[in-house]
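Let's go through a protein model together and ask how each label gets earned. Have the picture open while you read.

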Amino acid sequence: MKTLSKENAEQVARHLAMAAQLIDEDPELAHQHALAASRRAGRVAVVRESVAITAYAMGDFALALRELRTYRRISGSDDQIALIVDSERGMGRPDRALEEARSVDRAALPTATRVALAIAMSGARLDRGETELALGELEIPELNPDLAFDWSPALFSARAAVLEDLGRGEEAAFWQERADVAAAALGHGDDEEMIVEDAYDDFAEEPVGIEIDEADHADADVDSAEPRNAEQESAEAEAEAEAEAEQSEDAERSE
């Protein structure tokens with residue numbers, strides 16, 4: 001963006017911001033914003049990346065591939081390799097997808113990219129009917145059920161889906177539960193990593209899909225009251241003791 005004039009850079013930035021904001025709810029409109037940015041700054045890597053991502057979201061995998069390769073050529077980065085692999089899958093070419101995946105040094109990729117690539121490669125194996133190999137692609141060091149990172153829910157869900165295809169329903173349910181709890185835990189904090197083992201225990205005991213009537217709401221209000229700290233409890237105890245002492249003194253006086 002530094003190569004653009006200030007006015008043009010501001011316009012391009014606005015289009016990119018709108019594309020990012022709209023991509024989940026309206027991919028086509030997001031794509032139009034990305035294209036508008038491309039018309040103003042077609043040689044800027046992040047702009048071509050945005051065009052690729054919005055094209056992928058629309059299901060235009062041929063355009064996504066073209067733009068992703070342009071982005072990789074301009075930027076010299078493999079950080080969108082997983083999207084390239086998935087776009088090849090979208091074109092019905094799982095063999096090409098696996099070739100693309102093997103063309104990069106996975107050890108040199110950022111962790112999140114490496115995890116996304118493992119998920120994409122697992123999908124390509126499924127496309128080829130290689131379910132056991134699909135499970136093997138997900139056997140990576142990041143597959144830790146007791147830690148939650150931004151990429152953990154997708155990784156856990158992918159493993160659950162493959163296990164389901166293999167007829168290993170109990171294991172699939174375990175990993176899907178881990179995925180759900182990891183997503184919930186990550187939604188309540190900004191830490192890059194958090195221990196969520198205790199949260200799993202709470203989740204397992206929590207009823208799911210039960211309608212709540214007014215009585216339940218009342219109980220929930222009681223349960224959701226703010227916990228008292230030690231200072232509050234101590235102050236309340238002292239107040240009660242003083243009240244009892246005053247009552248005793250009053251009783252003695254009346255006698």
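Q: What makes a residue count as buried, exposed or partly exposed?
A: Buried means under 20% relative accessible area, exposed means over 50%, and partly exposed is in between, using a 1.4 Å probe and protein chains only. By that rule, 36% of the 255 residues of the protein chain are buried. Keep in mind that this is a predicted model, where local features need pLDDT of at least 70, side-chain atom pairs count only at pLDDT 80 or more, and totals for chains, interfaces and linings use all residues. Residues are numbered from 1 along each chain as its sequence is written, and side-chain values use heavy atoms, with hydrogens and water left out.

Q: Why is Ala36 called buried or exposed?
A: Ala36 has 12% relative accessibility, and the limit for buried is under 20%, so Ala36 counts as buried. You'll find Ala36 in helix H2, residues 27-40. Helices here are DSSP runs of H or I with at least four residues, strands are E runs with at least two, and both are numbered from the N terminus. The protein chain has 13 helices and 2 strands.

Q: What makes a group of residues a nonpolar core?
A: The members must be buried Ala, Val, Leu, Ile, Met, Phe, Trp, Tyr or Cys residues, joined through side-chain atoms within 4.5 Å. The largest such core has 22 residues, and Leu155, Phe156 and Trp175 touch the most other members. Helices H7, H8, H9 and H10 and strand S1 each supply at least two residues of this core, with H9 giving the most, 6 residues. A second, separate core has 17 residues, including Ala52 and Leu68. In general, nonpolar side chains in soluble globular proteins tend to be buried together.

Q: How do you know that Trp175 is buried?
A: Its relative accessible area is 8%, and buried means under 20%, so Trp175 is buried. Contact means heavy atoms within 4.5 Å. Leaving aside neighbours within four places in sequence, Trp175 is in contact with Leu143, Pro145, Phe156, Arg159, Ala160 and Leu163.

Q: Why are Tyr56 and Phe61 called an edge-to-face pair?
A: Rings of Phe, Tyr and Trp (its six-membered ring) pair if their centres lie within 6.5 Å; planes under 30 degrees apart are stacked, over 60 edge-to-face, and the rest tilted. The Tyr56 and Phe61 ring centres are 5.6 Å apart with planes at 70 degrees, so the pair is edge-to-face. Phe174 and Trp175 also form an edge-to-face pair, at 5.4 Å centre to centre and 90 degrees between the planes. Ring pairs link Phe156, Phe174 and Trp175 into a cluster.

Q: What makes Arg89 and Asp86 a salt bridge?
A: A salt bridge needs a side-chain nitrogen of Lys or Arg within 4 Å of a carboxyl oxygen of Asp or Glu. For Arg89 and Asp86 the closest N and O atoms are 2.9 Å apart, so the pair meets the 4 Å limit. They sit 3 residues apart in helix H5, separated by about one helical turn.

Q: How do you know that Glu67 and Arg66 form a salt bridge?
A: Their closest N and O atoms are 3.4 Å apart, and the limit is within 4 Å. Glu67 is buried, at 4% relative accessible area, whereas Arg66 is exposed, at 53%. The structure holds 18 salt bridges.
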